[in-house]
Amino acid sequence: MSTPAHSTAATVPDRVTSLVRALRTHGIRIGTGESVDAARAVAVLGLADRDQLREGLAAALLHDRGQRAVFDPVFDLYFPRRVGAPGGDGPGDGARFEEKDFDRDGLRDRLAEALAASDRAAMAALAAEAVDGLGGYGSAPGSDGFSAQQTLERLRPQTLLARVRAALRAGGGESESGAFTDRVEADEIRRRIEDFRELVRAEARRRVAERRGTDEIARRMVVRTADRADFLYAGRSQLAELRRAVHPLARKLATRLAARRRRAARGHIDLRRTLRGSLSTGGVPMRPVLRRRRPARPELVLLCDVSGSVAGFANFTMLLVQALHDQFSRVRVFAFVNRVDEVTELIARGAADPEGLGGRITTEAAVTGWHGSSDYGGALTEFVERHAAALTSRSSVFVLGDARTNQMDPGLAALRRIARMARRTYWLNPEPRSQWDTGDSVAGAYGQIVPMYECRDARQLSALVGRLLPV
Amino acid sequence: MFRSVDDVTARLAETGYLASPAVATTVFLAARLGKPLLVEGPAGVGKTELAKAVAAITDARLIRLQCYEGVDESRALYEWNHAKQLLRITAGRDETWDQTRTDIFSEEFLLPRPLLAAIRGDDAKVLLIDEMDKADVEVEGLLLEVLSDFQVTVPELGTVTATRHPFVVLTSNASRELSEALRRRCLFLHIDFPDEELERRIVALKVPGLDEVLTASLVRVVGALRAMDLRKAPSVAETVDWARTLLALGADRLDEEVVRASLGVVLKHQEDVRAAAAKLDLDAV
């Protein structure tokens, strides 16, 4: 297999298998068959064109689109664009510029030019230069490295927006001033700057990997696809990405619910009527009678904690349930921090502006009393007192929250009453199971009354929703 | 079939399909490795077109299996021609049972459906299994044998194996998660919206009469619309429609009035139109 004369040929299978191993540690399931396909793809495509190689390996190894977010940075590590510092030869040439020697303004000028021209190759070269010149830290071997954060802080590409804009106005003959496309220009430039930041991050990873070993960096690298992002720690952009995923996810869940409904509609034997019918055949059940299903769509009641820490989770779930509303005869959503208010209307209207939903709930609905911290006992009790009419024998209740009562009365009796009045009651908790019952969490006590499920990311939520939602 | 990736790009371009490097590379690999190609992506980016284009450049016959809820073995694989079998039985009165039986389960009475048709015969074929996600899970099981070994088992006849592998393209809109077993038999390709330059070339190819500067600004505005948080992002098909509309309207530059009048061509939901109008500073639409 190995041809010692060609050093690259010998390392290719190794590199493919290391790449596969790294992808597996990030949760992508790749079988041996796919590894073999990947190696065959490399053999067919050759190593000459890096982009072709990237697409070929992705086609052979990946199974869905979300995995691409993990694949691309890992690929960059194992099949780097270049080796060593720009201009230097080979990794580890110790020459390190001090920041003062580095012509930062010159780099910013050239970057502004590249951004204006949307020249990706130039942007990549500049990213390499920037990381080399601005990103280095430490001096002792072993503790030194390159930081994307530091590079970006010193370079501050986001401040170039106005300059790039001016350059476009001055140079671009096509964009006459006052043209309609001016309105989208700022966003376009912002996207290019974001691309550049990503290039810097990739470059910093590559340089560090050369020092510390590719496998280790690939393993430790943090890549989180949006559906795996923890609700409690998801950043703004991840929440935005999640919101965009609401409609496709709802469509998927709707098909799953429809399938469950179809399955549930057939095959249940009505024992009483079967036995009754068997009397005419001497007690032998000749003709099984199937249970008739009443085509009633179930009702759904959502009871969400919208206090700061868990608001992201609650908002996402509310939007998801709203998108699924045609699957149910009725969906009612209640929000609480320490007081309960119905927000069904707010959410139905809020579909057009999902980002502002959280803000509108806290301002337009009476969810807080005198203080701003969550009080489960008070909220549950108030719900039973004021909104008990929402619960019928056909309704399923989902309580969403982290069960952290701030040392107040958990109101177990109220939850017990809710569980008794509703057909089914579930509790979805966005905290990891290991943190339940720590500190002021009373997850265990609630969990004894109603089944409680860990629901930390969109993936878990969609699995739970597909399984638990009534059909 | 193809000499290189560039060869694929060039030949696809001749039929009017401008392929991104990702598309060309994956098509080339699928042909070389003899594996089916699973294509996903938003509606209107040319998933089905790709199969047609590949069939055109390889002089292959396109066999299409359109999936829908409830498609089954007799629609996808093969079916016995019962009426003809009955006729045959009544025609041959004096035969023994054994004679009749071997005769009525012969090829003559078999109605090949797309999957069987694709693996029989010696000519080049492209098998397009369209909207795989619409079919039930059971159909996937049916496909596994066809896709991995290119063979179909008909109990009465035995196993039919392809003498020449068809080029298989499956498309999916991801309205249902396809099974892992199916996915790992295929090369995976996600066709996304094209980048600005490619989309400009596509518009120029499909709507040749449109002014170059106008095309460029049109593509930029569509790009901006895609970056917004819309229910249905405009796809290539909509860009081309918009370009045609502008051509028909006789617009020579993109301004507020033109955009306001024609935004409905690109955006298909009223709330999207409203959100985009707000973002683009259009007066109330």
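**Exercise 1.** State which domains the assignment gives for chain A of this predicted model, and how far apart the C-alpha centres of domain 1 and domain 4 lie.

*Solution.* The assignment divides chain A into domain 1 (7-78), domain 2 (99-218), domain 3 (236-264 + 296-468) and domain 4 (268-294). Between the C-alpha centres of domain 1 and domain 4 of chain A the distance is 59 Å.

**Exercise 2.** Determine which residues make the nonpolar surface patch of about 380 Å², and classify A:Leu290 as buried, partly exposed or exposed.

*Solution.* The patch consists of A:Ile269, A:Leu271, A:Leu275 and A:Leu290. Next, locate A:Leu290: it sits in the loop joining α12 (271-278) to β3 (299-305) of chain A. Its relative accessibility is 44%, so A:Leu290 counts as partly exposed.

**Exercise 3.** Compare the burial of two salt bridges in helix α9 of chain A, A:Glu198 with A:Arg201 and A:Arg206 with A:Glu203.

*Solution.* In the pair A:Glu198 and A:Arg201, the closest N and O atoms are 2.8 Å apart. These residues are 3 apart in α9 (residues 182-212), about one turn of the helix. A:Glu198 has a relative accessible area of 38% and is therefore partly exposed; A:Arg201, at 28%, is also partly exposed. For A:Arg206 and A:Glu203 the closest N and O atoms are 2.7 Å apart, and the spacing is again 3 residues. Both A:Arg206 and A:Glu203 are buried.

**Exercise 4.** Find where in chain B the salt-bridge partners B:Arg61 and B:Asp123 lie.

*Solution.* The N to O distance is 3.2 Å. B:Arg61 belongs to strand β2 (residues 61-66), while B:Asp123 is in the loop between α7 (114-119) and β5 (125-130), 62 residues apart.

Terms used
Residues are numbered from 1 along each chain as its sequence is written. Chains are lettered from A and ligands numbered from 1 in the order in which they are written. This is a predicted model: local features need pLDDT of at least 70, side-chain atom pairs count only at pLDDT 80 or more; totals for chains, interfaces and linings use all residues. Side-chain values use heavy atoms; hydrogens and water are left out. Patches are made of residues with over 30% relative accessible area and no salt bridge: like charges are joined within 9 Å, nonpolar side chains (Val, Leu, Ile, Met, Phe, Trp, Tyr) within 5 Å. Accessible areas come from the Shrake-Rupley method with a 1.4 Å probe; for residues, only the protein chains shown count as cover. A salt bridge is a side-chain nitrogen of Lys or Arg within 4 Å of a carboxyl oxygen of Asp or Glu. Helices (H or I, at least four residues) and strands (E, at least two) are DSSP runs, numbered from the N terminus. Buried means under 20% relative accessible area, exposed over 50%, partly exposed in between (1.4 Å probe, protein chains only). Domain bounds come from an automatic or database domain assignment.
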